[in-house]
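Work through the exercises below with the sequence and the model open. Try each task before reading its solution.

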Amino acid sequence: MTVNHTPVTCTRKGQRVDETLKFSTPTDCSQQTITWLERIADNLPGVIFRFLYKPDGSRFVLYVSGGSQKLCELAPEVIKADWQALFHMLYPEDINSFTESISVAYATVKPWCWQGRIITPSGQLKWLDCNSHLELQANGDVLWDGLILDITDRKQAQLQLQATERRYQAILDAIPDLMFRISRDGEYLDLKGDGANVSLSRDAIIGRNLQEVLPSDVAAIGQEMIHTTLNTGNLQTCEYQLSTPPGWRDYEARLVVSGHDEVLAIVRDITERKQAESTLQNLAQKFAKAFNCSPDPITISTLQEGRYVEVNDSFIKLSGYERQEAIGRTALELNIWVDERDRLKLIQQLQTQGAVRNLVLPFRGKSGEIITSTLSAEVMDLDGVPHIIAINHDITAQQLAAHRDRILAETLVRIRSSLNLEEILQTTVTEIRQFLQTDRVFIGIDDPKLGAKIVAESVNPQYPAVLGWKSGDDSYMQELRTVFRANRMRAVADVSKIEISPQLRHIYQQFHTKATLALPIFVGDKLFGAVVANQCSTTRNWQPIEINLLQQISEQLAIAIQQVKLYQELADLNANLEQQVEERTAQLQQKMQELAEMQRVKDVILHTVAHDLRTSVIGNLMVLKNLLGMAGEVGGRGAGGAGGAGGAGGEKDNAQLPMPNSPCPIPVSSSIIERMIQGNERQLRMLDSLLEIHTCEAQGMTLQAEMVQFSHLFDRIIRDLQPLLCQNQANINNLLPANLPLVMVDIPKLQKVLLNLFTHSLQHNPQDFNLLLKPK
């Protein structure tokens, strides 16, 4: 590191002190600079200090320069250890003003100024002028940086001057004009002050010299003016200031030759005029500062022609015209108006309304760039000529941002509404090129297997297209991958001024690229490709808003690409799933067909078997009932013969029944026949139930529901069961209450269910049992 040797000069008590700062390292530079600044501070005529005032009322002296030893007779270390050591030196009459000034400055955080007296440890009375800048810290502390000067000599001179001023100020305050006859030597010869407020008597002035009446500096000026007037014989005018109790006053003295070696001096108080001039000058300075420092372009031009008479720096910066190029020429001559009718519109509004506010107009810069701004203008009079003062606020960036946001939103809608990756990429490059107004925008992808490939492009027909271009050079691709992973952006205003590989430079030359802006497209952490804008006609400084657009587009492209990939994966999965569903559906249909065929076969078998069984059972019943009837007849006859013989010679169960085609009758008990009949009837009912169940499964069951009293329904069923109950010597006791709620039932079907239940119970239980029905 090279550090210049800087000579520094300071003055102490009229002596010149030369110091040369010699640094070899940054550390030496910093340390020697601090030491040098401390030496400078120690040699200044006063005390530099830094004071910290905390919100809790605690106070600390952070720094005191070495001048405190001379000024206060206290070493810096003493003051830093106890700042009240300086407070105890205050002159008693000045303590209140000191503390009050400290409180006001701390409360308002405004600069602190105070003049007062101290008594040093040696007993010297000194006047101090204290000034400090206050800075409010973030934690509430207030930092005081200030300077204390010894103004004892000046105060004493002021006191003496005030005494002198009091003698002469009465003369000057009494009348607006005073007339004096003054000799060449500066002696007052005569005074005419009728009506003037002159504090000194005529005798106190006449016969005395200027040096005795006026301050020495004013007296010297007056003496010189007297000599000039007498030597030239011409009127001499001078202005000067005198300190008065209300403040400084300005005076004008006119001197003419009034006799031999004497002049007549006419003195007038021009303080009000000077103040008015100062006010006007201040206003002019404020206007000039506001005019020149405004961030918005401000111009002053004639109303009639539009000729510029003044422009500010912001106008120069925005328009590109130098001040000398614009002053004296009209906006039409500079070709600033995009549409000349806009000026006519502006003039009409100014003439009718007197002012224009926020009128949006386009302007043309020196480079031909169109600038959009809001114009506010008023008519002002300069030397009797109407002028226009106009302020332009550049809203080009805001409009560009709005245009960018609109294009971005439209592009994103198109990206999100399409699942065609090729369509997404082509739409994107078209919209970006339209926004950037550039010569070429393209999107390239980075395929690890196939290398780089351009897949979408929008290009000015004047320049070669890069669509379909491929690169098999892995070193070139590795260079781009490294750039994108390191910077996440590549913005080059002039490709001829950057260091790049020969391969990349050849590509730039091949496709006429002079400026380029590239943003990578990352899908996750993987580099998918890049969106690139090329300027082929000239170099170009890429603006932040343009970079921001490409950055947002690249991020949304990454999302769209992921979306397309997910959709493709989903489509593949859906295709596989549809194929599996079709296969399973075919299998299920085949099984259902097989099941339907089995069901059909079962129905046929069931109906066939049931029909055959019913036929056989019905036939058996008919035979058995005939046999039972015949047994009754035989039994009747036997009973009659036995009765005639005087006894029960035959039982019904022992009757012998003749069998058809039998040579001899077979003895069969009628109870056996009855049981056989019951068995066949039970088989017939079972067949009917089986057919009914099958019918319900195949066709469903239709219920004819109606409201019924449950206890009455049971009474009816029990009556129907009485023969069976008597036969099995069983009994059913119905204890169901009669006030049960009505129920909706299909009475025949419910009766059939209950009959089956009771019959089953009777058949599978011993005789002589009781069945009890009661609510739970």
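**Exercises on strands and sheets**

**Exercise 1.** In this predicted model, find how strands S13 and S14 pair, and over how many bridges.

Solution. Step 1: locate S14 at residues 308–311. Step 2: compare the directions of S13 and S14; the pairing is antiparallel, with three bridges. Step 3: pick out one bridge, in which Ile-300 has Glu-310 of S14 as its partner. Step 4: look at the connection, where five residues separate the two strands of this hairpin. Gly-306 lies in that turn and has a positive phi of about 80°.

**Exercise 2.** Decide whether the residues of strand S13 are buried or exposed.

Solution. Step 1: take one side of the strand, where Ile-298, Ile-300 and Thr-302 are buried. Step 2: take the other side, where Thr-299 and Ser-301 are buried as well. Step 3: buried means under 20% relative accessible area. Five of the five residues in 298–302 are buried, so S13 is largely enclosed by the rest of the structure. Step 4: add strand S17 (residues 385–394), which runs antiparallel to S13 and is joined to S13 by five bridges. Ile-391 of S17 is the bridge partner of Ile-298.

**Exercise 3.** Which strands stand at the edges of the open five-stranded sheet, and why is one side of each without a neighbour?

Solution. Step 1: write down the order, S4-S3-S7-S6-S5, with antiparallel pairing. Step 2: S4 (59–64) and S5 (112–119) each have a single partner strand, so one side of each has no neighbour in the sheet. Step 3: check the pair S3 (residues 47–53) and S4, which is antiparallel with five bridges. Phe-49 is bridged to Val-64 in S4.

Technical notes. Residues are numbered from 1 along each chain as its sequence is written. This is a predicted model: local features need pLDDT of at least 70, side-chain atom pairs count only at pLDDT 80 or more; totals for chains, interfaces and linings use all residues. Side-chain values use heavy atoms; hydrogens and water are left out. Two strands pair if DSSP finds at least two bridges between them. Helices (H or I, at least four residues) and strands (E, at least two) are DSSP runs, numbered from the N terminus. Buried means under 20% relative accessible area, exposed over 50%, partly exposed in between (1.4 Å probe, protein chains only).
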